[in-house]
Structure formats: structure tokens, C-alpha cells
Amino acid sequence: MQTVILYLMLLVSSSLLLAQNSVEVSMTNFGSDKGTVRVGLYDKAENFLEHTFLATKSTIENGTAKVVFKDLPDGTYAISCYHDEDDNGKLNMFMGFVPSEPYGTSNNARGFFGPPKWEDAKFEVKNGELRKLDIRL
């Protein structure tokens with residue numbers, strides 16, 4: 001009997017340890033449904049806006065789009081996205097400095113005289129959480 005109870009306790013505790021987090025990102029305020037939205041998930045401040053931890057893209061319907069990142073370990077993350085209007089796979093820049101396509105970040109962080117900062121865009125997920133984020137481009 002003790003063996004059965006021990007086995008059940010191990011089974012329950014291991015399933016809790018395996019609980020993974022998800023981040024659902026809803027994006028709004030697209031000027032058109034043309035092109036796609038590219039979304040990057042970042043897991044380190046030093047990689048923010050440079051090297052994604054995970055990346056995906058989605059179509060835009062009626063000025064909105066949604067993506068989900070699943071099975072994420074507990075941690076601190078940030079999201080950036082942009083409306084790839086010409087679907088060329090990169091954020092177009094005016095004179096190499098200013099984005100010419102609409103963009104957004106988690107917490108709707110905006111940069112002043114430069115790109116948004118990790119500190120303004122970061123959020124935490126833990127304990128099997130489903131975090132829902134709304135980003136307005």
C-alpha cells in the first residue's frame with residue numbers, strides 16, 4: 001500500500017514539475033491585412049531585438065492577429081512584433097534608423113530616441129501560467 005501511495009505522489013509531483021507556460025499574444029491596430037505579422041520572443045536582455053529565442057509569423061485578419069508560444073520554461077521574456085507589409089521577412093527602416101513598418105512590443109513599450117528597452121518590455125511567466133498579452137501597433 002505504501003508503494004502505491006509513493007508512486008501516486010511521485011506521479012503527481014512530476015506532472016506539476018513538467019507544467020510549462022504559454023504566452024498568447026494578440027495584436028491589433030494594423031493598417032491593413034496585407035502581408036504578415038512577424039513575432040519574436042526574447043529570453044535575455046542582451047539578445048533583445050537582436051536574436052530571438054523563438055519566432056513565428058501569422059496572417060492578419062480584420063486588423064488583428066494572434067500567436068501562441070507554448071511549452072516555455074519559467075523565466076523572464078519580452079515580445080517584439082512588426083507588420084511585414086511587403087512580406088520580405090525583415091523590418092524595413094527609413095534611412096537605416098527609423099522603422100518604416102508598424103511595430104510593437106510587450107507592455108506596449110515604446111522607445112524614445114531609440115528602440116524600446118528590455119526593462120520596459122519584459123514580463124515573467126512561471127508555474128504553468130498562460131500569460132495573455134495585448135500589443136497595439
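The questions below concern a sheet and the nonpolar cores of a predicted model.

Residues are numbered from 1 along each chain as its sequence is written. In this predicted model, local features need pLDDT of at least 70, side-chain atom pairs count only at pLDDT 80 or more, totals for chains, interfaces and linings use all residues, and side-chain values use heavy atoms, with hydrogens and water left out.

Reader: Which are the edge strands of the open sheet of 3 strands?
Author: Strands are DSSP runs of E, at least two residues, numbered from the N terminus, and two of them pair if DSSP finds at least two bridges between them. The order is E4-E1-E10, with mixed pairing. Each edge strand pairs on one side only, and these are E4 (64–72) and E10 (130–136).

Reader: Which residue in E4 is the bridge partner of Met27?
Author: Strand E1 (residues 21–28) runs antiparallel to E4, and 7 bridges join them. Among the residues that Met27 touches (heavy atoms within 4.5 Å) are Val37, Cys81 and Ile135, not counting residues up to four places away in sequence. In E4, its bridge partner is Ala65.

Reader: Which element supplies the largest share of the largest nonpolar core?
Author: A nonpolar core is a set of buried (under 20% relative accessible area, 1.4 Å probe, protein chains only) Ala, Val, Leu, Ile, Met, Phe, Trp, Tyr and Cys residues joined through side-chain atoms within 4.5 Å. The largest has 20 residues, and Met27, Val37, Val39, Ile79 and Phe123 have the most contacts inside it. E1, E2 (36–42), E4, E5 (75–84), E9 (123–125) and E10 each supply at least two residues. The largest share, 4 residues, comes from E4.

Terms used
Buried means under 20% relative accessible area, exposed over 50%, partly exposed in between (1.4 Å probe, protein chains only).
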